[in-house]
Amino acid sequence: MEYPVWYIPGVSYGLIMAIISVLHVFVAQFAVGGGIYLVYMERKARRENSAQLYSWLHRHTWFFLLLTMVFGGLSGVAIWFTMGVINPAATSSLIHIFLWLWAAEWVFFLVEIVSLLVYYYTYPLIKEGRISAAAHWRVGCVYAFAGYMSLVLINGIISFMLTPGEALKNSSLAQAFFNPSFLSSLAFRTALCLLLAGMFALFTASRIQDAAVRRKVTRISALWVCAPFLALLAASAWYFMALPPDRQAAVLRRTADIHPFVLAYGWVLPVIFLLGILAFMRAEKMRRPLSVLILCAGLTLVGSFEWMRETARRPWVIPGYMYASAVRPSEGEKAAHAGVGAVSGWVGMIDRADSVAIEKAASDASGNGIPAPTLTAAKGAFIFAQQCGPCHGVGGPRIDILPRLKRFSPAGIEAQINGQGVYLDYMPPFFGSREDREALAVYLNALMLANVGGR
């Protein structure tokens with residue numbers, strides 16, 4: 001808790017991270033599967049000596065380059081920035097644990113950028129005879145390999161955040177990377193990458209003018225959408241079984257923060273399969289609206305899965321190591337005895353400012369029969385931002401705290417805070433002294449009263 005708090009009133013940190021992450025993952029996993037798709041289709045174009053198929057591949061690669069390198073790169077930077085400001089403690093820990101693997105991933109990403117630029121800009125050289133088709137295809141293979149290796153490395157790191165296993169006890173990088181859900185997560189993401197490659201290819205194929213070429217590309221792309229279906233089902237079950245019992249229980253929890261996304265995932269996966277079948281059967285009449293609908297279904301699939309995965313970690317950001325509120329268990333024990341100010345210099349500053357204010361108020365009120373203040377809304381507000389803000393917003397769209405306060409009296413709010421991590425085991429415990437808890441309760445009660453008054 002040694003870092004400052006980045007707080008946007010009304011919006012929880014988790015919602016901001018979710019929006020950026022889902023869009024980035026949607027495009028980044030297309031970048032992996034799309035690289036494999038490109039070299040597959042180019043090999044087919046070489047065998048058939050199809051100039052029209054080469055022409056479409058050139059245009060598709062331009063779309064691929066703009067989407068994955070520009071949007072994908074910028075959203076990747078946005079993820080790092082957002083991680084750094086909403087949970088700097090967790091970000092710092094992941095960098096320290098996986099330093100050399102992050103470095104390797106950045107090297108592979110650099111190879112992706114260079115090889116994709118070379119791959120796109122040398123397409124015209126094939127027609128001119130200045131580069132062989134085989135050499136151009138090998139450049140594409142370099143990109144596809146680098147992209148997949150990036151997936152492997154990132155997969156090891158994010159699966160560790162859900163299932164660290166014994167790595168925390170042994171301080172083993174190998175155990176951290178090859179954690180209990182590493183293989184199942186990799187199998188799932190590989191199938192998802194191939195499916196997304198087919199989806200985006202359907203989108204660009206719908207603009208091919210030649211009916212025969214459009215039919216061929218549409219049917220191949222539709223098969224890429226349908227073929228991973230069984231693999232995704234099997235990998236989903238494998239992934240779930242690889243989770244420890246408490247994480248499985250978190251996924252199956254029938255609360256509003258995760259249950260709708262479990263249902264969405266269960267429904268949208270077969271819908272995507274049926275849409276892929278429809279695209280295959282109506283390849284001659286394939287139009288942009290259907291391809292857009294399939295892409296929207298794909299985004300829903302990615303979003304619901306990523307939301308489930310993130311929510312399944314609760315109340316942790318790294319199970320057993322750090323809570324979602326960026327508090328380590330050892331810090332929590334200290335805060336429970338000595339107060340939040342003992343582990344957070346920022347709350348400590350408020351405590352010291354309160355002491356000065358209280359002494360001044362007591363002096364001013366001396367002899368007037370006016371009780372000196374003992375709590376400040378500022379302290380409660382800061383504790384809310386620090387310990388509640390990662391999940392709860394105020395009047396926002398995700399896990400809004402205001403409706404949850406309506407049924408509680410001031411004493412009930414304090415009892416609810418005290419029950420975190422005990423009766424509400426999916427929430428981190430409250431870390432702080434009784435005075436800290438009272439300050440937070442006073443602030444939450446003021447929020448509730450302000451909301452009622454506003455209505």
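## Exercises: salt bridges and nonpolar cores

Arginine 309 pairs with glutamate 306 in a salt bridge whose closest N and O atoms are 2.8 Å apart. Keep in mind that this is a predicted model.

**Exercise 1.** Work out where arginine 309 and glutamate 306 sit, and which network they belong to.

*Solution.* Start with the helix: both residues lie in H14 (residues 288–311), 3 residues apart, about one turn of the helix. Next, check accessibility: arginine 309 and glutamate 306 are both buried. Now widen the view: a network of salt bridges links Arg189, Glu306, Arg309, Glu310 and Arg313. The whole structure holds 15 salt bridges.

**Exercise 2.** Classify arginine 130 and glutamate 331 as buried or exposed, and name the salt-bridge partner of each.

*Solution.* Take arginine 130: its relative accessibility is 63%, and exposed means over 50%, so arginine 130 counts as exposed. Its partner is glutamate 128, with the closest N and O atoms 3.1 Å apart. Now glutamate 331: its relative accessible area is 14%, and the cut-off for buried is under 20%, so glutamate 331 is buried. Its side chain meets that of arginine 328 in a salt bridge (3.8 Å, N to O).

**Exercise 3.** Describe the largest nonpolar core, then look at what valine 217 touches.

*Solution.* First, size: this core has 66 residues, and Trp56 and Val217 have the most contacts inside it. Helix H9 (residues 182–205) gives the most to the core, with 12 residues. Then zoom in: leaving out residues up to four places away in sequence, valine 217 touches Tyr37, Met41, Leu53, Trp56, Ala205 and Ile208. Finally, there's a second, separate core of 23 residues, including Leu101, Ile157, Ala176 and Val317.

Technical notes
Residues are numbered from 1 along each chain as its sequence is written. This is a predicted model: local features need pLDDT of at least 70, side-chain atom pairs count only at pLDDT 80 or more; totals for chains, interfaces and linings use all residues. Side-chain values use heavy atoms; hydrogens and water are left out. A salt bridge is a side-chain nitrogen of Lys or Arg within 4 Å of a carboxyl oxygen of Asp or Glu. Buried means under 20% relative accessible area, exposed over 50%, partly exposed in between (1.4 Å probe, protein chains only). Helices (H or I, at least four residues) and strands (E, at least two) are DSSP runs, numbered from the N terminus. A nonpolar core is a set of buried Ala, Val, Leu, Ile, Met, Phe, Trp, Tyr and Cys residues joined through side-chain atoms within 4.5 Å. Contact means heavy atoms within 4.5 Å.
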